[in-house]
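Work through the exercises below with the model open beside you. Try each task before you read its solution.

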Amino acid sequence: MSEEVMRVEHVSKSFGPVQALSDINLSVSRGQILGLIGDNGAGKSTLIKILTGYHQPDGGRLVFEGQPVQLKSVTHARSLGIETVFQDLAMINDLPVYLNLHLNKELVHKPLPFLRRREMKRRAREALDAIGINIPSVTAEVGQLSGGQRQAIAVARSVYSGNAKLLLLDEPLAAMGAKEGGLILRLLAQLKQRGDIAIILIAHNYSQVVDVCDRVNLLQHGEITFDKASKETSVSELLELVHAEYRVNTGT
Amino acid sequence: MTDALTDKRSGRTEPGGEPPRGGFWLGLIRVKELSILVVTIAVAIYFSLTSGPGFSTPANYHTIAQYVAPWAIVGAGEVMVLICGQIDLSAGFVFTLSPFVLMLFYNNGVPLFLAVILAVAVSAAIGVVNGLVHTIFGLSAFITTLGMAFLLWGLSLIISGGSPVSAPTGSWVVSVFGGWGWSEFLWAVVIVAVMQVVLSTTRFGIATQATGGNPIGAAESGIRTNRVKVVCFTIVAGLSGLAGILQGTRVGSYDPTNGGFNTMFFGVAAAVIGGTALLGGSGTVIGAFLGALLLGLVYDGFNLTGISANGFYVVLGAAILIAALLNVYLSVIRKRLGRQ
């Protein structure tokens, strides 16, 4: 098995009296996609926010590339190579694709403050080619693109940042049609093939998770209650697990 | 190929040819600016044909330039704030106040040139206050700058005693800052050029557009959106203060009834007619300049043809509405074209 990028050991987190995460253990390696599923309120967002350095865990620890780390902030996590694509994508609709790819990392003619637009366009085209995203033009405004294309560019930006080692995707397939979702899944499959980054994918749609992920973890009430390789599980098994939870909750 | 993503081997973005030469300059001007330019030229031709021999004379060009300059300078600043998704309602009263600040320094023995610099610095500081109140206390820019507008209005009346004072004379500084007939317009042109370059060729310009276009996204990308906003408020206030000094010095008297909401709204109108989105995210300084030029031409043309000044406001109102509608409509069309 390839090299482990992130291991979460016995992580817990409370907000006042609310125990959001009680004992989380998971691990993801280079070239691997870990699917994280769970009902609303199961603790998915809290876990993602801990992995991105936005929240600090109350207990347990994170081991990043073999070293225990305390992520102090989102910027700190990013400097280590932990990139996140949030649901809102952080795209600026009025700006062209190549400027979005370089957002807040624009190239300038040092020591002059002027933008190197031509170079940024060239690099943007290269970056998109490298991971096989086809858009009409890197000078197109992002607002003119479809949801799937925007999501793809957001993913490309995270990977393109240079030292991305762990990519966190928060519901990348939410609010997206089957065709658009398929584009993103193919992009993820390509990133997996490249084999240089680990990916954690949070999703609702179980069939897509089983298709693209190597492992599936189910998060329930702040704990990982299920951990299997995708090959050894099926959509029906995952659905059954979630339905079982409903039956318990509703007493039927 | 209709899919946004394709197989890695066949996957290509556009053919990797060189971007067209001159892209730098073309990038500064967009369709919106070209359309307003066409309208402006059409209006100029119309008035030169219909309003008698008085229109196409150097003296009249000078008159138009005098109308346009303050609107263009205030407009250049308002564009920056509007792109941030904010508005500065107090800019016109910074315009009113700054000449009196200049006189406070000048009358207390500060050399004239230094007094001008200090007055502009005080104006800019008012912008810093606007920006900090807005960003630290989360007060909307509309309310913050509305309060600041009345506050500055009152201050101008108190400092001036409600009556005009003569502007300084007999110094090279006077000639440079408005005394020479074309200096105010020249300042406007230089300011517009510099601000357009800042907006479209620097990281700050991109950060400004990002801040207005998607504040949360910009912040998630690490852009310090509050700082960007404070700088933009500082720019509009500093420029408005300078414009107030230029205007008063040109006329030879500093008048507490100069500037005000009128000047501010002409600046905003110029920006909107020039294609700046009121909700932030996009706009150009050149567009605002063309907007100011169009307003100046119409204002002057109405005067020459003897149409009452009241009619001018009807045209101004219609122009703003048409420009704003066009803005919305154009972006819808572009979106549709982009989707195909």
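## Exercise 1: Strand 1 of chain A and its partners

A:Val8 stands opposite A:Leu62, a residue of strand 4 of chain A. The model is predicted: local features need pLDDT of at least 70, side-chain atom pairs count only at pLDDT 80 or more, and totals for chains, interfaces and linings use all residues. Residues are numbered from 1 along each chain as its sequence is written, while chains are lettered from A and ligands numbered from 1 in the order in which they are written.

**Task.** In which sense does strand 1 of chain A pair with strand 4 of chain A, and over how many bridges?

**Solution.**
- Start with the terms. Strands (E, at least two residues) and helices (H or I, at least four) are DSSP runs, numbered from the N terminus. Two strands pair if DSSP finds at least two bridges between them.
- Strand 1 and strand 4 of chain A pair in the antiparallel sense, over five bridges.
- Now take strand 2 (residues 18-29) of chain A. Eight bridges join it to strand 1 of chain A, and the two run antiparallel.
- One pair to find is A:Glu4 with its bridge partner A:Ser29 in strand 2 of chain A.
- Look at the hairpin of strands 1 and 2 of chain A. It has two residues between the strands, and A:Gly16 takes a positive phi near 60 degrees there.

## Exercise 2: Backbone oddities in chain A

**Task.** Where does A:His10 lie, and is A:His10 buried or exposed, or in between?

**Solution.**
- A:His10 sits in strand 1 (residues 4-15) of chain A.
- A:His10 has a positive phi of about 50 degrees although it is not a glycine.
- Count neighbours. A residue is buried with 20 or more other C-beta atoms within 10 Å of its own, exposed with 12 or fewer, and partly exposed in between; C-beta atoms are placed from the backbone.
- A:His10 has 13 other C-beta atoms within 10 Å, so A:His10 is partly exposed.
- Repeat for A:Glu65. Its phi is near 50 degrees, a positive value in a residue other than glycine.
- A:Glu65 belongs to the loop between strand 4 (59-64) and strand 5 (67-69) of chain A. With 16 other C-beta atoms within 10 Å, A:Glu65 is partly exposed.
- Finish with a peptide bond. The one from A:Lys110 to A:Pro111 is cis, with omega near 5 degrees. A:Pro111 lies in the loop between helix 3 (97-101) and helix 4 (117-130) of chain A.

## Exercise 3: A buried strand

**Task.** How many residues of strand 7 of chain A are buried?

**Solution.**
- Strand 7 of chain A covers residues 166-170. Five of the five are buried, so the strand is largely enclosed by the rest of the structure.
- Recall the rule. In a regular strand the side chains alternate between the two faces of the sheet.
- In strand 7 of chain A, A:Leu166, A:Leu168 and A:Asp170 point one way, and A:Leu167 and A:Leu169 the other way.
- Check the partners. Strand 6 (residues 82-85) of chain A pairs with strand 7 of chain A in the parallel sense over four bridges. Strand 8 (residues 198-202) of chain A runs parallel to strand 7 of chain A, joined by five bridges.
- A:Leu169 stands opposite A:Val85 and opposite A:Leu201 in strand 8 of chain A.

## Exercise 4: Helix packing in chain B

**Task.** At what angle do helix 3 and helix 8 of chain B pack?

**Solution.**
- Axes are lines fitted to C-alpha atoms, for helices over the stretch in contact, and angles run from 0 to 180 degrees between N-to-C directions.
- Helix 3 (residues 58-83) and helix 8 (residues 183-201) of chain B pack at about 30 degrees, with their axes 8 Å apart.
- That makes helix 3 of chain B roughly parallel to helix 8 of chain B. Angles under 35 degrees count as roughly parallel, over 145 as roughly antiparallel, 65 to 115 as roughly perpendicular and the rest as oblique.
- Compare helix 7 (residues 172-179) and helix 11 (residues 225-251) of chain B. Their axes come within 8 Å and cross at roughly 110 degrees.
- That makes helix 7 of chain B roughly perpendicular to helix 11 of chain B.
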